Amino acid sequence: MVVGIIIGVSIFVQPTEVSRYVPNIPGIFAVWLIAGFLTLCGALVCAELSSAFPQTGGVYVFLNETISPAAGFLWGWAMFWSAHSGIIAASSVVFGRYVAFFVPLDDWGIKIVAVAAILLLSGVNYVGVRQGSGLQALVTVAKIAGIVVILLAVAFLGGDKHTAHGSALASNFSISDFALAVGAGLFAFGGWHMVTYAAGETRAPEKTIPRALLLGTLIVTGCYVALNAACLYLLPLDKVIHSTRVAADAANVLVGGKGAAAISGLVMVSAFGVLNGVILAGPRVYLAMATRYRALDWMGAVHPRFHTPHVAILIQAVWSCVLVMTGSYRELFSRVVYTEWIFFALMTVGLMRARRRSEYAPVYRAWGYPLVPLIFIIASVGVVYYQVAADPWNRSGGLLFVIVGLPLYYFWVRKSAR
């Protein structure tokens, strides 16, 4: 479950984003290792909180219970305007990029394909959960198969295909560049906060959860490092930096056009699955918010025939399409990272506050307390700071969406609490 949720479609494009910030091969591997370590720290924190508060809603519930209802509301608000809808938009763009391997598309063509994918899968989830979950089972296999196929092909066929040259384009890079690269890497590890939501239903969680998280994140990190090694073995670093679909380009060098087509097809199926899963998951949080506040009843409306949160699915689809049409891929994933990690830091502060309460009784307690939570808080703040500092004007606009939710909560939503 850990591996299946964390490995998504962005790993097939994020090596390019990481290498743009850190055009140095040892630095690239350091970025992926640090991103994996931070993912493990965050997952351990989230595991403890999910064992203490095993209700549906995840981070929304944790913030409600450990910080304040206002913090929980802001997370749901930020999910809609920036984080969750941004993941949908970014993943759909990856899908469009790999479609462009088969059908020549310019940037606007890719955006149109991305919007079509969002609308199609939102429609699938509109008419029922069974259809969405059935599709999810199929594509989970495809997204892992894409990585396995590339690695096996390099292992058995890559001996005489080595075209990379030079270990670096730039021997030096700034702390800011490295922090931005870690942020790009963290986007590929996205979803880790969802893997612990079943803690309340896990046998021997005090042993099973940390073991699963440790092994799962090590496997994911190993896959990501290996895939980067394969791409850097097959492609010159400057080619990796300028690629829009690095996995297909690597496969093309290895086995030619047919191999690149096969990998592109797997990535497309994987992207479809990631999109489907995220589209399916988002309305659950909005539904949880609607059950708490009467002012949001409309968000929790359930279709009389299909029994799905159809209004939440529709407005999520519309806003995700707007994000696709108005932002570049880098803007989309950057907005997700700096928005989510504000709340991840806040969630960890909530854990430390909860530890001081006598009634707090989690089934599982995170390893390394208080060192792991403190490292995670400092790293989260650093990730947010460098992401925003890189483009203060545009990225402050993304944060403004979050801030606007606070007066809305105090002057309208809070008064309708059940």
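**Which helices each supply at least two residues of the lining of the second largest pocket?** Let's work up to that one, starting with some ground rules.

This is a predicted model, where local features need pLDDT of at least 70, side-chain atom pairs count only at pLDDT 80 or more, and totals for chains, interfaces and linings use all residues. Residues are numbered from 1 along each chain as its sequence is written, and side-chain values use heavy atoms, with hydrogens and water left out.

**Exercise 1. Describe the pocket.**

Step 1: A pocket is found on a 1 Å grid over the protein atoms alone, as an open set of points where a 1.4 Å probe fits, with protein on both sides within 12 Å along at least five of seven lines; lining residues have an atom within 4 Å of a point.

Step 2: Helices are DSSP runs (H or I, at least four residues), numbered from the N terminus. Now our opening answer: helix 2, helix 5, helix 6 (107-126) and helix 14 each supply at least two lining residues. Helix 6 gives the most, with three.

Step 3: The lining has 15 residues, and V93, R97, D107, I110 and Y329 lie nearest the pocket's centre.

**Exercise 2. Decide whether helix 2 is mostly covered or mostly open.**

Step 1: Buried means under 20% relative accessible area (1.4 Å probe, protein chains only).

Step 2: In helix 2 (residues 14-21), seven of the eight residues are buried, so by that definition the helix is mostly covered. Those buried residues are Q14, P15, T16, E17, V18, S19 and Y21.

Step 3: Their packing partners include helix 3 (25-52), helix 9 (205-234) and helix 14 (329-354).

**Exercise 3. Explore the largest nonpolar core.**

Step 1: A nonpolar core is a set of buried Ala, Val, Leu, Ile, Met, Phe, Trp, Tyr and Cys residues joined through side-chain atoms within 4.5 Å.

Step 2: The largest one has 138 residues, and F12, Y98, W192, Y224, W341 and M347 have the most contacts inside it. Its largest share, 18 residues, comes from helix 5 (residues 69-99).

Step 3: Contact means heavy atoms within 4.5 Å. Beyond its neighbours within four places in sequence, F12 touches residues including Y98, I147, L227 and V267.

**Exercise 4. Look at the whole chain.**

Step 1: Count the elements: there are 16 helices and zero strands.

Step 2: Check burial: 55% of the 418 residues count as buried.

Step 3: Test the overall form. The radius of gyration (over C-alpha atoms; globule rule 2.2 Å times the number of residues to the power 0.38) would be near 22 Å for a compact globule of 418 residues, and the chain's 21 Å agrees.

Note on methods: Buried means under 20% relative accessible area, exposed over 50%, partly exposed in between (1.4 Å probe, protein chains only).
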